[in-house]
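Trainee: Please choose one part of this model and take me through it closely. After that, follow the chain outwards from there as far as is useful.

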Amino acid sequence: MTSKTNSHTWIAAAAAICLLSVGLSPGPAVAANACTAPGIHLQVLGSGGPELDDERASSGYLVWQDGRARVLVDMGAGSLLRFEQAGARIEDIEAILLTHLHVDHSADLPALVKASFFSERSTDLPVYGPTGNRRMPATGAFVQALFGDDNGAWRYLGSYLTGEEAYRLRAVDVPAEGKESQRVMDRDGLRLTAVPVHHGPIPALAWRVDIGDRALVFSGDMNGDNHTLEGLAAGADLLVAHHAIPEEARGVARNLHMPPSVIGRIAGEASVKQLVLSHRMRRTLGREAESERYIRRHYAGPLAFAEDGQCFSLPK
Ligand SMILES: [Zn+2]
């Protein structure tokens, strides 16, 4: 699938943005979201990194099934505006999966909790994310630091952790060391599995979302050194790979991120059926043809460079 195939979706999203900017209802454009059709779809909420001049929201994705956004993967800055533009409902989210706790992957969590006050949500909302180390808190400690009754930055929302609200935000720490995969949910045909990946000194996870016999995999930020994504992504219908650096990157950037050749090798070894490149940053924007050449050395399947709002449908 190419970017072109999905351009109508982005046009609809862009139309929604235009309508919003003049204060009109975005209703008709939101209704045109291809991801709300029957079937299983990936919606890119944020295709960018942390920069403010890449004209993209930071990392965020939805997995849709039959008109419901069941899983939210990452929630970087701006991704919740895209969530709103997509017409997704907080009530439908069965799990939030965080790849790691960098700002460009987690900053919109408080915004979601606040927004949920105005929703009908009444079932607990699990947030699965990595364990911590000296550089980062564990996901549970992170959520406590945000909302905890005593010292949380937004302790006025602490009732979402204690069960005093209509639902409870339930943080779960998922081991981010070693190479073992961990199944965190298996319910109603939805299976969620993580593996630790190497993202410099930061605890990080890649995620696999299985719905029935379909699978979507999210690399998160990683550099390939842990050699775990190949196994997690084996046979997946779609792999979202974070494309944050060009091939020649070295040093800190290369310790954090995988170059195009590593993305291609992993996609090829895992025999994924579709590859979506996201977390696009200024250092790779405009160099798509070059990146694709490196990827094509190892992977021959469909490949697309993600845009915010874009919808990718899995074959039925
Ligand atoms: Zn990132």
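Mentor: Buried means under 20% relative accessible area, exposed means over 50%, and partly exposed lies in between (1.4 Å probe, protein chains only). This is a predicted model, in which local features need pLDDT of at least 70 and side-chain atom pairs count only at pLDDT 80 or more, while totals for chains, interfaces and linings use all residues. Residues are numbered from 1 along each chain as its sequence is written, and side-chain values use heavy atoms, with hydrogens and water left out.

The part to look at is the zinc site. Asp-104 (OD), His-105 (NE2), Asp-221 (OD) and His-279 (NE2) coordinate the zinc ion at 2.1 to 2.2 Å. Donors here are N, O and S atoms within 2.8 Å of the metal (3.2 Å for Na, K and Ca); water is not among the atoms, so a site may look incomplete. The angles subtended by the four donor atoms around the zinc ion run from 88 to 169°, and this makes the arrangement irregular. For that label, four donors are tetrahedral if all angles lie between 85 and 135 degrees; four are square planar and six octahedral if opposite donors are over 155 degrees apart and all others between 65 and 115; anything else is irregular.

Along the sequence, the donor residues follow the spacing D-H-x115-D-x57-H. One pair of them links distant parts of the chain, since Asp-221 and His-279 are 58 residues apart. Asp-221 sits in the loop between β10 (214–218) and α8 (229–232), and His-279 in the loop between β12 (275–278) and α11 (288–296). These elements are DSSP runs numbered from the N terminus, with helices (H or I) of at least four residues and strands (E) of at least two.

Take Asp-221 first. Its relative accessible area is 2%, so Asp-221 is buried. Besides being a zinc donor, Asp-221 has a side-chain partner: the side chain of His-242 makes a polar contact with the side chain of Asp-221 at 2.7 Å. A polar contact is a pair of N or O atoms within 3.5 Å; within protein, one must be able to donate a hydrogen and the other to accept it, and residues adjacent in sequence count only if both atoms are side-chain atoms. His-242 belongs to strand β11 (residues 238–242). With a relative accessible area of 2%, His-242 is buried.

The loop between β10 and α8 also holds Thr-228. Thr-228 is buried, at a relative accessible area of 8%. A polar atom of the Thr-228 side chain lies 2.6 Å from the backbone oxygen of Pro-196.

Now the other member of the pair. His-279 is buried, with a relative accessible area of 1%. The backbone of His-279 deserves a look as well, as this residue has a positive phi of about 50° although it is not a glycine. Most residues other than glycine have a negative phi. Asp-188, likewise not a glycine, has a positive phi of about 50°. Asp-188 is placed in the loop between β7 (182–187) and β8. Here the setting is the opposite of buried: Asp-188 is exposed, with a relative accessible area of 61%.

Another positive phi, of about 80°, belongs to Gly-87, just after α3. Helix α3 covers residues 79–86 and is mostly covered itself, with six of its eight residues buried. Those residues are Ser-79, Leu-80, Arg-82, Phe-83, Gln-85 and Ala-86. In the loop between α3 and β4 (95–97) lies Ala-88, which at 14% relative accessibility counts as buried. Ala-88 and Val-127 are 39 residues apart in sequence, and their C-alpha atoms are 18 Å apart in space.

Last, the loop between α6 (139–147) and α7 (159–162), where Leu-157 is found. Leu-157 counts as buried at 4% relative accessibility. The C-alpha atoms of Leu-157 and Phe-147 are separated by 5.7 Å, with their positions 10 residues apart along the chain. Gly-152 lies in the loop between α6 and α7 too, and at 0% relative accessibility Gly-152 counts as buried. From Gly-152 to Lys-273, 121 residues apart along the chain, the C-alpha separation is 43 Å.
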